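Hi everyone, thanks for coming. I'd like to walk you through one structure today, piece by piece. Have a look at it first, and then we'll go around together.

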Amino acid sequence: MAHPIPADAGYVQRLRDSFARQQVMHTLGAALDTVEPGRVVITMHHRPELTQQHGFLHAGIVSTALDSACGYAAFTLMPADAAVLTIEFKVNLLAPARGPWFRFEGQVTKSGRTISVVDGRAWQHAPGSDAQTLVATMTATVMTVLGRALDG
């Protein structure tokens, strides 16, 4: 779905600044890969300290990265003075998250003045090939926040 470019093209720098302040993404070793109107991609590598008992990336970690990708995708379409907060999400875990690296994509499905709906996809990439596996999907509802002391 094509989205108009926000009137304030400074959204990319605001998003990058906000991402840099998000300590959980730093803890996960996640990086901002792509920022486009209505779409954000975050990447990260598999790390043993982020796994569950079977060595797969923990579902909570997958959900956290998808939540950020979805929230930031919505943020790309917000006014310059707005921030976003997730108010609901649903995750479907489709395959064990083995890695060795992951791509978390958020794509705005419906951008509204107050509420946006964003779809997320988590992909794992196989070692030494272009093969990728869809490991999780997310549908997130994101709220536009105006006039509060939130920085992105």
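Okay, one thing before the tour: this is a predicted model. Let's begin with the aromatic rings. If you search the whole structure, you find three aromatic pairs. How do people describe such a pair? A pair of aromatic rings is described by the distance of the centres and the angle of the planes. Here we also get a cluster, and its members are Phe19, Tyr72 and Phe75.

Now for the strands. Start at β1, residues 31-36, which pairs with β2 in the antiparallel sense over five bridges. To picture that pairing, find Thr34 and look across to β2, where Val41 stands opposite. The two strands make a hairpin, with two residues between them. In that turn sits Gly38, and its phi is positive, about 80°.

Stay with β2 for a moment, residues 39-45. Is this strand mostly covered or mostly open? Mostly covered: five of its seven residues are buried. Besides β1, strand β2 also has β4 as a partner: seven bridges join β2 to β4, and they run antiparallel. A nice place to see this is Ile42, which has Phe104 of β4 standing opposite. While you're looking at strands, here's a handy rule: in a regular strand the side chains alternate between the two faces of the sheet.

From β4 we can walk on to β5. These two pair antiparallel, over nine bridges. Gly106 has Gly120 in β5 as its bridge partner, so to speak a glycine facing a glycine. Together β4 and β5 form a hairpin with four residues between them.

Inside that connection is Thr114, in the loop between β4 (101-110) and β5 (115-125). Why does Thr114 count as partly exposed? Because its relative accessibility is 35%. Which residues does Thr114 touch, if we ignore its neighbours within four places in sequence? The answer is Val142, Met143 and Thr144. For a sense of distance, take Gln52: it is 62 residues away from Thr114 along the chain, and their C-alpha atoms are separated by 36 Å.

Next comes strand β6, residues 132-146. Eleven bridges join β5 to β6, and again the two run antiparallel. I picked out two spots for you. Asp119 has Thr139 in β6 as its bridge partner, and Ser116 has Val142. The hairpin of β5 and β6 has six residues between the strands, and Gly128 there takes a positive phi near 70°.

What else does β6 pair with? Strand β3 pairs with β6, antiparallel, over eleven bridges. Along that pairing, Glu88 stands opposite Thr141 in β6.

Back to β5 for a histidine, His125, which lies in that strand. Buried or exposed, what would you guess for His125? It counts as buried, because its relative accessibility is 8%. Leaving out residues up to four places away in sequence, His125 touches Gly99, Pro100, Trp101, Arg103, Ala131 and Gln132. There's also His45, which is 80 residues from His125 in sequence, while the C-alpha atoms of the two are 9.7 Å apart in space.

Two names in that contact list deserve a second look. Gly99 and Pro100 are joined by a cis peptide bond, with omega about 20°. As for where that is, Pro100 has its place in the loop between β3 and β4.

Last stop: the empty space. Rolling a probe the size of a water molecule over the atoms shows where empty space is left. How much space lies in the largest pocket? About 150 Å³. Ten residues line this pocket, and those nearest its centre are Gln22, Asp67, Ser68, Gly71 and Val84. Which element gives the most to the lining? That's α3, with five residues. Both α3 (59-75) and β3 (82-93) supply at least two residues each. Sorted by class, the lining has four nonpolar, five polar and one charged residues.

That's the tour. If you want to try it yourself, find His125 in β5, then look for the residues it touches, including Trp101 and Arg103. Thanks, and I'm happy to take questions.

Note on methods:
Residues are numbered from 1 along each chain as its sequence is written. Side-chain values use heavy atoms; hydrogens and water are left out. Buried means under 20% relative accessible area, exposed over 50%, partly exposed in between (1.4 Å probe, protein chains only). Contact means heavy atoms within 4.5 Å. Rings of Phe, Tyr and Trp (its six-membered ring) pair if their centres lie within 6.5 Å; planes under 30 degrees apart count as stacked, over 60 as edge-to-face and the rest as tilted. Two strands pair if DSSP finds at least two bridges between them. On a 1 Å grid over the protein atoms alone, a cavity is a set of points where a 1.4 Å probe fits but cannot get out, and a pocket is an open set with protein on both sides within 12 Å along at least five of seven lines; lining residues have an atom within 4 Å of a point. Grid points are joined across faces, edges and corners, and a volume is the space filled by probe spheres set on the points. Ala, Val, Leu, Ile, Met, Phe, Trp, Tyr, Cys and Pro count as nonpolar, Asp, Glu, Lys and Arg as charged, and the others, Gly among them, as polar.
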